[in-house]
Each structure stands twice: as structure tokens, then as C-alpha cells.
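Visitor: I should like a close look at one part of this structure, namely the way its side chains pack together. Please begin with the interior and go on from there to the pairs of charged side chains.

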Amino acid sequence: MEYSLVLAGWVIGLLFGTICLAFKTPLHARQAYYNRGKNITGIVYLLFGLELFFQWLIRFYVELHNLVLSVSVYLFTYCAAVILIAIGFCTLLAPSLLNKRQYNICIGILAVYSLILLVLNLLPARPLQVKGIIAACVVLFIINCTMIYNCIMIYRKVINDLRTYYSDVLDNLINWMPGVGIGVMLLFLAAPITCLAPREVGIYQLAMGIILMVYIFLCIINFYFRYDRVAAAFSIEDDICDDDANEDNTTEHAAPSLSESLCEVLQEKEKHWQEQGRYREPGLTIEQAARDMGTNRNYLSRYLNQERHMTFYEWVAKMRIEEAQTLMANSSMTMEQIAAQVGFSSYPTFSSTFKKVVGITPNRWRNSQ
């Protein structure tokens, strides 16, 4: 059984990794972040595939009885994988949070951990090697916890943004992430423990890892077909700045100002659109709003930044909250009814947005009137 699992693991890892790297997507600016995330996932697959191929080779063919080398390869793979997955996760959902300094920190962590493993292999005495393996497992556990925590924070921010400004339709586009996240968390947190556990535990971990690899691969492919809608929901710009300038964050690339006459036209369109109450529509995106106004997303985004000093999300939230305040002051509707009336998918997201905009909770505001 162990032989079959290790064999299946490295074949699946190398196959899926190759497919991810070779999988062609449209050369469109909006797809750039998806491509980076997909390629990082492909590299992670190749890492696991090569690690399992190495284990398969030394266990069943070469019979190289070097436990320290085997454990070092195992630990390095998991350390590199968790760092790459954290970067890939952020690249797919929150690319603006990544910068050159964070990349360098991740590379530095991996370099230091590689050095620890190298020293571990050079230790002369067996007792020192055992202590070194335990120390390396503890360090890996800390790295895993740190990266997983960062991914959870990113995920919470993303879900909050989706639920605040968009309907459950867009929310459902990334509903696979909790399942993937729990599986990845269990796999990576268990890795250093499994390293010190009996061999049977490693077999169960490998079986779970193979299932997870298949599931993540299907999610990545599925995500590709819906990425345009997710990118639109987060207002990922069509024109992506040069990577170095983007990562460095030292220079700001300001879009050219709109002319006064164009601003006046957009102001009239905005007023008419707002009077129609289109901001209440579930699943609202900046593309949809721009289309309804007879303009495009770039003009609308620049207009809001230049004239209203707001992002699209802040603009929509402000209109919804202002209407909610009117309803709270002049009607007996429940909070849940008001939240649905003004376009929020649930009361908790309405409450959190209200507090961000007004400074207090809806109930407290209503009681003060």
C-alpha cells in the first residue's frame, strides 16, 4: 500500500504540476494574477512530485539508509510549499497586499531554513542529529502557523469585501476555499508531527495529501473559468503596472485627470443612476454600474477617485448606508429587512459596513434617534 501511494503521489504531483505550468490562458492583463497563482501552484505540485519520487527511489530501489537526508528533503519540501502557497493565495485574491519586501522576507525564511537543514546533515553524532531533526520540525511548525495565519487574514478580508458589496453569486465563486484551506492547514500543521510519528501515520497523511492535490487542481481549473468575474468584483485593474514598480510601492502611477466637461457628464449620469436606486442591485460590480451609466469602468473609477475621493466600494457603501439610515429613522422595518432592501446579502455584513461608515452599530444609531 505504501509503495502504491508513494508511486501515485509523485506521478500525480509531476503530472498536475506540468499541466498547471503548461496550461495556456488568454494574454489579458486581468489574467496576469491568475497566471501567477496558477504557476506557483504548478511549482508546488512539482516540488511534492519530486520529493515523493525521491522517497520512492530511496525506499524501494536504491535502499539508501540515510534517515537525516530523507527527513531533510521532506521538511524542505513542506517549508517551500507552505511559503509558495501563501504567496499564490495572496496573488490570486489580494495582489495589492504583496510587495517586494514581503517576497524578500519569504525568500529569506526559506534560505535560513535550508541552511538549518544543511547543518543538520553535517552533524557528526546521531544524538545531535535527532535533536536537530526535532528542532527543525519545531521551526517548520512555527513557519506553517505564521503562513496559515496570514492566509486566514487575507481570506477574511476577501470574504468581507465580497459580502459587503456583492451578492452570494460572487461569494459562491470562492466557496471552495474553506475546504481547501482546512485541508491544507491540517496537512501542513501535521507535517512536522508526522515526521516524528510512526510510519503508519505518514501513510495516512500521504493518502490525504493525494486527495487534496486532486481537489486543489480541480479548483484551480474551475477558478480559471470564473476569474474574470472575481477580478471585476475586486476592481483588479486592466492596466497592470510594471512588476518592480508594483512590488516596490515607491512610486505611484497616477491616472490622467478627466476633463471638466467629462466630469460634468458623468456627474449627471451618476445622479440619474442613483435616483433609480441601481446601487441596491444584488451582485453589483463596477462594470455593471459603468455599463448602466453608459461609460466604462476606467472612466467611472477615475471619476470617483477624482471627484468623490472614494473607491467604487466606498461609494456604493455610502449610498446604501444613507438609505438605510433613512429607513431606520422613518420606518418600522427590521434590521434584516433594511439590510436586504438596500442591497446587502446579510445583516452581519450590513452591520459591519454601517459601523465602518458611521462609526457605531445600526442598533445603537437607531436607538439614538
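Guide: The largest nonpolar core (buried Ala, Val, Leu, Ile, Met, Phe, Trp, Tyr and Cys residues joined through side-chain atoms within 4.5 Å) has 61 residues. The model is predicted, so local features need pLDDT of at least 70 and side-chain atom pairs 80 or more, whereas totals for chains, interfaces and linings use all residues. Residues are numbered from 1 along each chain, and side-chain values use heavy atoms, without hydrogens or water.

Within this core, the residues with the most contacts are Leu75, Tyr78, Ile83, Tyr113 and Phe188. Two or more residues apiece come from helices H1 (2–22), H2 (32–60), H3 (67–93), H4 (100–122), H5 (126–165), H7 (177–196) and H8 (199–233); helices here are DSSP runs of H or I with at least four residues, numbered from the N terminus. Among these elements, H3 gives the most to the core, with 15 residues.

Tyrosine 113 shows the packing in detail. Apart from residues up to four places away in sequence, this tyrosine touches (heavy atoms within 4.5 Å) Leu75, Phe76 and Cys79, as well as Ala136, Cys137, Val139, Leu140 and Ile143. A second, separate core holds 19 residues, including Leu258, Leu284, Met310 and Tyr313.

Threonine 194 offers another buried position to examine. This residue lies in helix H7 and has a relative accessibility of 11%, where buried means under 20%, exposed over 50% and partly exposed in between, with a 1.4 Å probe and protein chains only. Its contacts, leaving aside neighbours within four places in sequence, are Tyr74, Val201, Gly202 and Gln205.

Two further helices, H10 (residues 260–275) and H12 (residues 297–308), have axes that come within 11 Å and cross at roughly 95°. H10 and H12 are therefore roughly perpendicular to each other (65 to 115 degrees). On the H10 side the contact involves Leu262, Cys263, Leu266, Gln267 and Glu270, and these meet Tyr299, Tyr303, Gln306, Glu307 and Arg308 of H12.

Charged side chains come next. The structure holds five salt bridges (a Lys or Arg side-chain nitrogen within 4 Å of an Asp or Glu carboxyl oxygen). In one of them, arginine 278 pairs with glutamate 281, with 2.4 Å between the closest N and O atoms. Both partners are partly exposed: the relative accessible area is 24% for arginine 278 and 21% for glutamate 281.

Arginine 278 also bridges to aspartate 292, the closest N and O atoms being 3.2 Å apart. This second pair links distant parts of the chain, 14 residues apart, since arginine 278 sits in the loop between H10 and helix H11 (286–293), while aspartate 292 belongs to H11. Aspartate 292 is partly exposed, at 32%.

The loop between H10 and H11 also carries arginine 280, whose partner is glutamate 323 of helix H13 (residues 312–330), 43 residues apart. Their closest N and O atoms are 2.7 Å from each other. Here the partners are unlike in exposure: glutamate 323 is buried, with a relative accessible area of 14%, whereas arginine 280 is partly exposed, at 30%. As for the pairs that share partners, Arg278, Glu281 and Asp292 are joined by salt bridges into one network.

How values were computed:
Axes fitted to C-alpha atoms, helices over the stretch in contact; angles between N-to-C directions. Parallel < 35°, antiparallel > 145°, perpendicular 65-115°, else oblique.
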